Amino acid sequence: NLAIKTIPSMNLLNTDQTPACFWIVTGANYIINNHAAASRRYGFWFRPERSVTGTSVNTPMEVHPINIPVLEFRGNQAHSNGKYGLRIFDIFLPNDVSVFQDTFVWRNGKAGFTATVCGKVGFQGMVAVQNGLVVFEGRSTSVSAWDESYIRNALFVDYLPLPLAESYGIFEDSFEGVKPLGGPMEDGILLPWNEFAGGGMSISNVTFMNFKAPCIRGCAHCGRGGSPVMGDGAFETRFDGM
């Protein structure tokens, strides 16, 4: 599937004010080889609810989308979207490891991909090129081991002095402040705080190219406020094969 230039609506749901080319509300799907381009906000928005909503709200069985693992998310592309190429928001705590794999995110306004509060979620084989401010940012992990939340076998590229056409991104939460893309990013990956001392995010076999700013920054949201509230203690991220 190809989705292009999704625009906001101020007359429908609140979430329609920040649209995505693909809005995914449960992991019980196969999302394969799709292309998301030029949305005003997000390319792929993975937004599982704590419980079912809408016409399914009276479902007799208990269903909690935030705990349903992803069946398959592979081979997708997101570029030239106003804010994020792939966004997982806000809480995703699957019962089994859910892997977002072989995804290409490039020239998105703020970040290539982002995860707010995640449990057993892995990113495998990601390629990110010349996104607006950062490659990846995460707020917190909620795992008790070191092999359940990870970024593996990825290639991240910053500045490319190529004669590309002009494109623009929206860096803030309002729709104001549109800025040109294409310059060096501010950071590479902004790491999450880990909720439990016995586990957290691990980064392995990741290559950074052409970064003019630091490639790695700790605790993306510590001291920045917002929800959920982060702890004040130390946190740990493990690396190998960088």
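The following conversation asks how the descriptive terms applied to this predicted model are justified.

Trainee: What should be kept in mind about the model and its numbering?

Mentor: The model is predicted, so that local features need pLDDT of at least 70 and side-chain atom pairs count only at pLDDT 80 or more, while totals for chains, interfaces and linings use all residues. Residues are numbered from 1 along each chain as its sequence is written, and side-chain values use heavy atoms, with hydrogens and water left out.

Trainee: How many helices and strands does the protein have?

Mentor: There are 0 helices and 22 strands, where helices (H or I, at least four residues) and strands (E, at least two) are DSSP runs numbered from the N terminus. Among contacts (heavy atoms within 4.5 Å) between residues at least 6 apart in sequence, 73% join residues at least 24 apart.

Trainee: Why is alanine 115 called buried?

Mentor: Buried means under 20% relative accessible area, exposed over 50%, and partly exposed in between, with a 1.4 Å probe and protein chains only. Alanine 115 has a relative accessible area of 6%, and therefore counts as buried. This residue belongs to strand β11, and, leaving aside neighbours within four places in sequence, alanine 115 is in contact with Ile88, Phe123, Phe136, Glu137, Gly138 and Arg139. The C-alpha atoms of alanine 115 and isoleucine 88 are separated by 4.6 Å, although the two residues are 27 apart along the chain. Of the 242 residues of the protein, 48% count as buried.

Trainee: Why is leucine 12 called exposed?

Mentor: Its relative accessible area is 61%, and because exposed means over 50%, leucine 12 qualifies. Leucine 12 lies in the loop between β1 (2-4) and β2, and joins Leu13, Trp23 and Val25 in a nonpolar patch on the surface, with about 400 Å² of accessible area together.

Trainee: What makes a set of residues a nonpolar core?

Mentor: The set must consist of buried Ala, Val, Leu, Ile, Met, Phe, Trp, Tyr and Cys residues joined through side-chain atoms within 4.5 Å. The largest such core has 35 residues, and those with the most contacts inside it are Phe100, Phe113, Phe123, Ile151 and Phe156. Strands that each supply at least two residues of this core include β8 (84-92), β11 (111-118) and β20 (201-209). Apart from it lies another core, of 9 residues, among them Tyr84, Ala111, Val134 and Leu190. In soluble globular proteins, nonpolar side chains tend to be buried together.

Trainee: How do you know that arginine 47 and glutamate 49 make a polar contact?

Mentor: A polar contact is a pair of N or O atoms within 3.5 Å; within protein, one must be able to donate a hydrogen and the other to accept it, and residues adjacent in sequence count only if both atoms are side-chain atoms. The side chains of arginine 47 and glutamate 49 are at 2.8 Å, so the pair satisfies the distance limit. Arginine 47 lies in the loop between β5 and β6 (72-74).

Trainee: Why is aspartate 102 called partly exposed?

Mentor: Its relative accessibility is 41%, which falls between the limits for buried and exposed, and therefore aspartate 102 counts as partly exposed. Aspartate 102, found in the loop between β9 (98-101) and β10 (104-106), has a positive phi of about 50 degrees although it is not a glycine.

Trainee: What makes the peptide bond from phenylalanine 89 to aspartate 90 cis?

Mentor: The bond is cis, with omega near 0 degrees, and aspartate 90 is found in strand β8. Most residues other than glycine have a negative phi, and most peptide bonds are trans.

Definitions and conventions
Patches are made of residues with over 30% relative accessible area and no salt bridge: like charges are joined within 9 Å, nonpolar side chains (Val, Leu, Ile, Met, Phe, Trp, Tyr) within 5 Å. Accessible areas come from the Shrake-Rupley method with a 1.4 Å probe; for residues, only the protein chains shown count as cover. A salt bridge is a side-chain nitrogen of Lys or Arg within 4 Å of a carboxyl oxygen of Asp or Glu.
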